[in-house]
Amino acid sequence: MYDVRDMTELSMLAKSDWHDNELAFFHHSLQQIAPYLNSEGQTIHREIIEEIENRGGIKR
């Protein structure tokens, strides 16, 4: 269960300031609803993916 910062708070921060678990959680969530995302949602998801890639992937 996710119990840290929500998207409202995170949207005011650069993706580079997000914690790894936040990137992983929102990537998974947005991936599940990808067919229904509008262009803004797709942009946010793409930025999350780029930040994950910049960090070398998700470490489990």
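A residue is buried when its relative accessible area is under 20%. With that cut-off in hand, I went to α2 and found Glu-22, Leu-23, Phe-26, His-27 and Leu-30 buried there. They cover an arc of only 125 degrees around the axis, which puts them on the same side of α2. I kept in mind throughout that this is a predicted model.

**Entry 1: the whole chain**

I started over with the overview. The protein chain holds 3 helices and 0 strands, and along the sequence I read the pattern α-α-α. How does the radius of gyration compare with that of a compact globule of 60 residues? I found 11 Å for the chain, against a value near 10 Å for the globule, and the two agree. Along the principal axes, the C-alpha atoms fill a box of roughly 25 × 25 × 25 Å.

I then asked what share of the 60 residues is buried. The figure came out at 27%. I also looked at contacts between residues at least 6 apart in sequence, and 41% of these join residues at least 24 apart.

**Entry 2: back to α2**

I checked the length of this helix. It has 13 residues and reaches 19 Å from its first C-alpha to its last, close to the 18 Å expected at 1.5 Å a residue. Next I wanted to know what its buried residues pack against. My note reads α1 (residues 7-10) and α3.

**Entry 3: Arg-5**

Glu-22 of α2 led me to Arg-5, as a polar contact of 2.8 Å joins their side chains. Arg-5 sits in the segment before α1. Is Arg-5 buried or exposed? Its relative accessibility is 17%, and because the cut-off for buried is under 20%, Arg-5 counts as buried.

I noted one more polar partner: a polar atom of the Arg-5 side chain lies 3.3 Å from the backbone oxygen of Asp-17. Leaving aside neighbours within four places in sequence, I listed the contacts of Arg-5 as Leu-10, Leu-13, Asp-17, Trp-18, His-19, Glu-22 and Phe-26.

**Entry 4: the aromatic rings**

Trp-18 and Phe-26 were both on that contact list, so to speak an invitation to look at the rings. A pair of aromatic rings is described by the distance of the centres and the angle of the planes. I counted 2 aromatic pairs. In the pair of Trp-18 and Phe-26, the ring centres are 6.0 Å apart and the planes stand at 70 degrees, so I logged this pair as edge-to-face. The rings of Phe-25 and Phe-26 have centres 5.0 Å apart and planes at 90 degrees, so this pair is edge-to-face too.

Together, Trp-18, Phe-25 and Phe-26 form one aromatic cluster. I looked up how well each is covered. Trp-18 is buried. Phe-26 is buried as well, with a relative accessible area of 10%. Phe-25, at 33% relative accessibility, counts as partly exposed.

**Entry 5: α3**

Helix α3 runs over residues 39-54. Its 16 residues should span 22 Å at 1.5 Å a residue, and I found its end C-alpha atoms 22 Å apart, which agrees. Which residues of α3 are buried? I wrote down Gly-41, His-45, Ile-48, Glu-51 and Ile-52. Seen down the axis, they fall within an arc of 120 degrees, so they line one face of the helix. What covers them includes α2 (20-32). On the other side of α3 I found Ser-39, Glu-40, Glu-53 and Asn-54 exposed.

I also looked at both ends. At the start of α3, a side-chain oxygen of Asn-38 reaches to within 3.1 Å of the backbone nitrogen of Glu-40. After α3 comes Gly-56, with a positive phi near 90 degrees.

**Entry 6: Ile-58**

My last stop was Ile-58, in the segment after α3. It is partly exposed, with a relative accessible area of 34%. What does Ile-58 touch, not counting residues up to four places away in sequence? I found Ala-24, His-27 and Ile-52. His-27 is one of the buried residues of α2, and Ile-52 is one of those of α3. For a distance check I took Leu-13, 45 residues from Ile-58 along the chain, and the C-alpha atoms of the two are separated by 20 Å.

Terms used:
Residues numbered from 1 in each chain as written. Predicted model: local features only at pLDDT ≥ 70, side-chain atom pairs only at ≥ 80, totals over all residues. Heavy atoms only, no water. Helix = DSSP H or I, 4+ residues; strand = E, 2+ residues; numbered from the N terminus. Expected span 1.5 Å × (residues − 1). Buried < 20%, exposed > 50% of the residue type's maximum accessible area, 1.4 Å probe, protein only. Arc of directions from axis to C-beta. Contact = heavy atoms within 4.5 Å. Polar contact = N/O pair within 3.5 Å; in protein donor to acceptor, adjacent residues only side chain to side chain. Phe/Tyr/Trp six-rings, centres within 6.5 Å; stacked < 30°, edge-to-face > 60°. Rg over C-alpha atoms; globule rule 2.2 N^0.38 Å.
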